[in-house]
Every structure is written in C-alpha cells, then in structure tokens.
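Q: I'm new to this one, so could you walk me through it a piece at a time? Let's look at it together and start with the charged side chains.

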Amino acid sequence: MFSEKLYATLPPGADRPLSPGGRLVCWAGVLLAALIYALFSLHVPYIGDDYALPVDWMTANGGVKEFSWPRLWNFTAYLRSIDNCRLDNIVFMAMRMALLPKWTLALVVGLSGAFLILGAGQLCSPRRSDLPLVMIAFWGWMTFTFSWPFGTMGIDNSFNVLLPSAMTVWFLVLLRRVASGRLPVPVLVAGGVYAFLCGWIHEGYAVPVGCGLGTWALLRRFRMPWQWWILTAVFAAGALWVVSAPGLWMRFSSVSVGAPVNLKTVLTLSLPVVVLAGLAVVLMACRIRKCALGGCRDHYWHPQAMDVVVAMAFVVSAVIVFKSSPSNPRALWICNLFASLTMFGLLRTVFVRWPATVLKCLAGVALLMIVVFYINVIRTQKRLWDEEQEIERQMAESETGTVYRDYTIAMSKLTLLHPVNAHWRTTLHINSYNDFYPGDKVFAVVPPVLESLTAEMVDWMERSSNGGHDSHERPGFPAKLSGGADVFAYGDELIMPDRRMTMTYWTGTETEVASRGIKCDYECADGRRFDSMESVQIRFRTRDGRSLIYIAPCHVKVTGPYKSVSYVETPSN
C-alpha cells in the first residue's frame with residue numbers, strides 16, 4: 001500500500017539525476033532566496049520577544065546582560081521553568097546576548113528560508129528533474145499564502161518559524177532517504193544528532209511530526225528499517241525534552257479554550273489549509289466518479305511514507321492550533337506548512353503531466369513576481385527601519401523617554417502586510433523595551449499634538465476625574481468625554497490621568513506595566529460607532545515630566561474626534 005522506495009510509483013526516468021543545469025538553477029534559487037530573506041531580516045528592528053527574552057535573561061542572572069556560558073545555562077533553566085525550552089529561543093539568545101552583529105542573525109534567517117524552500121522541493125518533486133520548478137512553485141505559494149502578517153519576520157519570531165520549518169523539512173527528507181536505503185554509519189551518527197535537535201527545536205513542529213511517525217509505524221505494523229527506529233527514537237527524546245518543560249504546561253493551561261475567535265483573521269492567515277480542504281473534496285469527488293466508471297484499479301499515484309507523516313502532522317497541528325491559539329500567525333504558520341506539503345504531495349501528478357515548456361514559462365513568471373514583490377517589501381521595511389532608528393535616537397536624547405511624532409501604522413496592501421511595523425502599539429514591545437532599559441524614563445511614541453500638554457492641564461484632568469469644583473470644560477484644555485471612563489479628548493486623540501496598570505501572566509505573577517490591552521466602545525463625533533475594538537493604554541510623560549495615559553485604537557479606521565468612550569481591560573499581552 002505504501003511505497004518504501006523513493007520513486008517507486010513514478011514514471012520511468014523519475015530517478016534520473018538532476019542535470020548540471022538543473023543543479024545550477026537550484027543553487028541559484030537558494031542563493032537568491034537567502035539574499036532576499038537576509039536583507040529583509042537585516043532591516044527588521046528588534047521587537048517584542050527580542051526584548052522580552054533578554055529581560056528573562058536579566059531576571060535569571062541578577063540583572064546582568066553580558067553573555068557567558070553559565071549565564072546561558074541559567075537562562076535556559078529559568079525559561080524552562082516559566083515558559084518553554086525551545087532550542088530556537090536558546091540559539092537566538094546566545095547570539096543576541098553575545099552581541100553578535102545583526103547581520104549574523106539575518107544570515108541565519110536567510111539561510112533558513114532558502115533551505116526551507118529547497119527541502120520542500122526535495123519532498124514534493126515527482127522527479128529529480130522537476131526540483132527547480134517545484135522549488136519556485138513552493139516559494140511562490142509560501143510567499144503569497146502563508147501567515148506573514150503581524151510580525152512573523154521579527155527576529156526571534158523568524159527563529160521560531162523559518163528555522164524550525166527548515167529543520168523539520170530536512171528531517172523528513174532524511175527519513176525518506178532511510179526509507180529507500182541504508183545510510184553509512186557516519187551519516188547515521190550525524191543524522192542522530194540532527195534528529196535530536198529537530199525534536200528539541202520547537203514543540204509545535206515536533207509533536208505533529210512525532211504523531212505522523214507513529215501513524216506510519218502503525219500502518220506498517222512496525223515493520224520499518226532499524227535505522228528509521230534509531231532516528232525516530234532520538235527525535236522523540238528531543239521532543240520529550242522540550243514538551244516536558246514545566247513552563248510550557250503552565251502556559252498551555254492558561255490558554256482560554258473557547259474564547260471568541262476572529263474567523264476572518266483565521267481564514268485570511270490560513271489560506272493553505274482552506275485550499276487543501278477544497279482540493280481534498282475535489283480529489284475525493286474525482287475518485288468517486290472514477291470508481292463509478294469502473295476505473296478504481298488504474299492507480300497512478302500512491303502515497304509515500306512522508307506523505308502519510310506530513311498529512312497526519314497537519315491534522316494534529318490543526319487540532320492543537322485551533323484549540324489553543326487560532327489567531328496567532330506564528331502558530332497558523334505550522335498548519336500552513338504541513339497543509340502545503342500535503343497539498344503539493346497530492347498534486348505530484350500535475351507536475352509530471354504538464355508539458356515542460358509550459359512549466360518553465362510559469363516558473364519564470366512566478367519567480368519574477370516573487371522578486372518584484374520582495375523588492376517592494378524590502379524597500380518598505382528599509383523605510384520602517386530608518387523610522388525606528390530615528391525613534392530610538394530621539395528616545396535616547398529625550399529627558400522623559402517619550403517621543404512625540406507621527407508613527408507609521410497603515411501599510412500598503414501591495415506588501416501583503418509582510419513588513420514588520422506598529423510595534424510601538426503592542427503591549428509586548430512597549431513593556432519589554434521599558435523593562436530592558438530600566439530607569440526613570442518612560443519609553444513611548446505618541447502623536448505630536450500631545451506635546452503641548454502642560455502641567456496645569458494635567459492637574460485639571462486629575463481634579464476633574466475626582467469630581468473637583470472646577471471640573472467644567474475649559475477652552476484649549478482636554479475635554480472629558482461621556483461614557484464614565486475618565487477619558488479625555490485632546491484634539492483627535494484620547495488621553496486619561498495616570499493610574500496603576502498591571503497584568504497577570506500565566507505564571508500567576510501580577511506585574512506593573514507601561515501599557516496594557518483594553519477593548520473600547522467608541523462613538524465618534526460624526527456618528528460612527530465601533531464596539532469592542534482592541535486598543536492599547538500607553539503611559540507617557542509630558543514635557544513637564546507628568547505621567548498620563550494615551551489610548552491608541554489598534555485599527556486605523558477608528559479616528560477622532562470622539563463623543564464618548566468606554567472600555568474594559570483584557571488579560572492578553
């Protein structure tokens with residue numbers, strides 16, 4: 001039922017070696033992809049977890065930021081106890097705290113993206129000669145359908161996405177090689193080390209793949225090559241190490257199962273899953289029709305070992321993700337990867353049957369589209385990088401840490417939201433940045449109109465909130481809005497008097513923070529209403545050093561002037 005030979009079910013000549021020209025095209029594609037993703041990553045500023053993990057490092061090492069191997073061990077043990085023990089986070093932190101040049105991290109990201117494409121091509125190519133075409137097809141599919149928006153190319157985020165994706169795909173390639181013949185002993189030893197690292201790299205990939213390997217073993221009644229057993233056992237050991245982290249289960253138990261989900265977001269970020277479901281229905285209908293016509297025995301394609309493993313990995317990853325974090329683009333990426341590998345496996349015969357000239361023309365057009373698209377993305381990301389460098393320079397020069405300036409939130413749809421932006425409107429980045437640079441400064445980016453706030457205005461707002469005798473509206477001062485939330489309008493922006501803001505994390509620790517998420521009901525002066533809109537409360541300092549809170553709507557369609565505002569706190573960071 002299942003093919004153990006690599007090309008056993010394909011036409012004659014399928015196992016013919018790739019021509020020198022084909023090899024040249026493949027490696028040229030690998031270099032091009034590595035260059036694109038490295039340049040992209042090089043212009044992505046440190047955001048969110050890029051500061052949150054160093055804060056954990058400081059906590060584990062008594063506030064010390066400098067790198068040493070004992071401190072890396074302390075960080076690993078601490079992270080395992082409160083969050084996870086992923087190898088990708090440890091590798092990132094070793095490079096980050098060792099103060100390696102940013103281009104070294106970008107190089108890792110670039111090579112991960114390139115070898116992910118090459119490995120997927122190896123898995124999905126019906127013939128070796130088709131490898132360049134399948135690589136381009138998969139790269140185009142990954143570029144235009146995977147869940148790139150909302151910071152996926154952030155440095156630590158990409159270490160959690162591209163690096164484990166590439167390692168997992170090449171582990172599957174290694175297992176496919178074992179299914180078709182024995183490995184030399186030195187290669188097997190190196191493969192065992194690699195298998196352990198693949199199991200340790202990220203539980204979101206290791207658990208689904210492990211379930212896929214178990215499924216294939218059951219279907220084969222455990223009649224598998226002994227080398228397969230060795231690699232599988234070592235992989236399972238690595239997966240067990242990362243899954244057994246106490247912090248991981250602590251975090252998982254805090255996930256609110258059954259919480260409201262934005263279905264539009266989920267469908268937008270998981271297009272490969274939707275397409276795979278549609279393809280499965282079409283293939284099933286074709287199969288039923290073929291059987292009805294008496295042609296069921298005319299098989300052309302049979303599933304190979306890796307097809308079964310990948311398909312099962314997709315099912316398991318989909319169940320885990322949609323039960324725990326269905327709106328997280330990094331989690332949905334895992335589903336997208338396994339769904340796409342499954343889909344390309346189902347479409348294997350399509351690549352075989354189409355004329356070579358047609359395929360080459362389509363591949364050329366697709367490659368051109370990819371390059372043009374990423375030129376625009378990298379150009380946009382470079383502009384955002386320059387903006388971030390200017391913001392950080394102004395923060396360093398500011399006595400309060402607060403920067404008053406316009407900030408890029410909206411993004412051209414032509415970029416498909418690949419660039420990383422708007423991190424100064426996310427609580428994770430704001431809180432982590434303030435924790436990483438402790439002191440009297442309050443680091444925030446707020447609209448320029450708030451720069452004209454004075455101490456007298458702040459005093460009046462505080463008295464008005466407390467029901468003081470002079471709480472009536474004053475010309476040029478912030479205007480108190482209805483809604484009972486002590487929210488004031490100053491121009492088209494929303495502010496409120498300072499107050500203690502805390503968040504309770506999955507560890508049970510209540511921490512005072514510089515920003516937190518809220519859900520607001522907005523009524524605008526022109527009659528527009530927006531209910532339960534995600535927003536962020538951000539503490540900032542006026543020119544006089546007084547603290548206020550700025551309310552930033554997370555959606556660009558919510559704009560002032562406002563008539564009334566009310567809000568409720570949200571527990572998410």
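A: Gladly, keeping in mind that this is a predicted model. A good place to begin is the salt bridge in which the side chains of Glu-534 and Lys-519 meet, with N and O 3.7 Å apart. This pair links distant parts of the chain, since Glu-534 lies in strand E9 and Lys-519 in strand E8 (residues 515–524), 15 residues apart.

Q: Is Glu-534 buried or exposed? And what about Lys-519?

A: Glu-534 counts as exposed, at 53% relative accessibility, while Lys-519 is partly exposed, with a relative accessible area of 28%.

Q: Which residues are joined into one network by salt bridges that share partners?

A: Glu-523 forms a salt bridge with Arg-529, where the closest N and O atoms are 3.3 Å apart. Through salt bridges with shared partners, Glu-523, Arg-529, Asp-531 and Lys-563 are joined into one network.

Q: How many salt bridges are there?

A: The count comes to 17 salt bridges. One of them brings together the side chains of Arg-546 and Glu-462, at 3.5 Å from N to O. Here too distant parts of the chain are linked, because Arg-546 sits in the loop between strand E9 (529–541) and strand E10 (547–553), whereas Glu-462 belongs to helix H20 (residues 455–465), 84 residues apart. Arg-546 is partly exposed at 24% relative accessibility, and Glu-462 is partly exposed as well, at 31%.

Q: Changing topic, how many disulfides are there?

A: The count is zero disulfides. Take Cys-520, whose sulfur is 9.1 Å from the closest cysteine sulfur, that of Cys-554, and therefore too far away for a bond, given that a disulfide needs the two sulfur atoms within 2.5 Å. Cys-520 is also buried, with 0% relative accessibility.

Q: OK, what about the inside: which residues touch the most other members of the largest nonpolar core?

A: Those are Met-142, Leu-341, Tyr-374 and Phe-540, in a core of 141 residues. Helix H8 (residues 162–180) gives the most to this core, supplying 12 residues. There is also a second, separate core of 21 residues, which includes Val-487, Ala-489, Val-558 and Val-565.

Q: And which residues form a nonpolar patch on the surface?

A: Leu-35, Leu-39, Leu-42, Trp-103, Leu-107 and Leu-111 form such a patch, with about 530 Å² of accessible area together. Helix H1 (20–42) and helix H5 (102–124) each supply at least two of its residues.

Q: Where does Leu-111 lie?

A: Leu-111 lies in helix H5, and this leucine is partly exposed, with a relative accessible area of 38%.

Conventions. Residues are numbered from 1 along each chain as its sequence is written. This is a predicted model: local features need pLDDT of at least 70, side-chain atom pairs count only at pLDDT 80 or more; totals for chains, interfaces and linings use all residues. Side-chain values use heavy atoms; hydrogens and water are left out. Buried means under 20% relative accessible area, exposed over 50%, partly exposed in between (1.4 Å probe, protein chains only). Patches are made of residues with over 30% relative accessible area and no salt bridge: like charges are joined within 9 Å, nonpolar side chains (Val, Leu, Ile, Met, Phe, Trp, Tyr) within 5 Å. Accessible areas come from the Shrake-Rupley method with a 1.4 Å probe; for residues, only the protein chains shown count as cover. A salt bridge is a side-chain nitrogen of Lys or Arg within 4 Å of a carboxyl oxygen of Asp or Glu. Helices (H or I, at least four residues) and strands (E, at least two) are DSSP runs, numbered from the N terminus. A nonpolar core is a set of buried Ala, Val, Leu, Ile, Met, Phe, Trp, Tyr and Cys residues joined through side-chain atoms within 4.5 Å.
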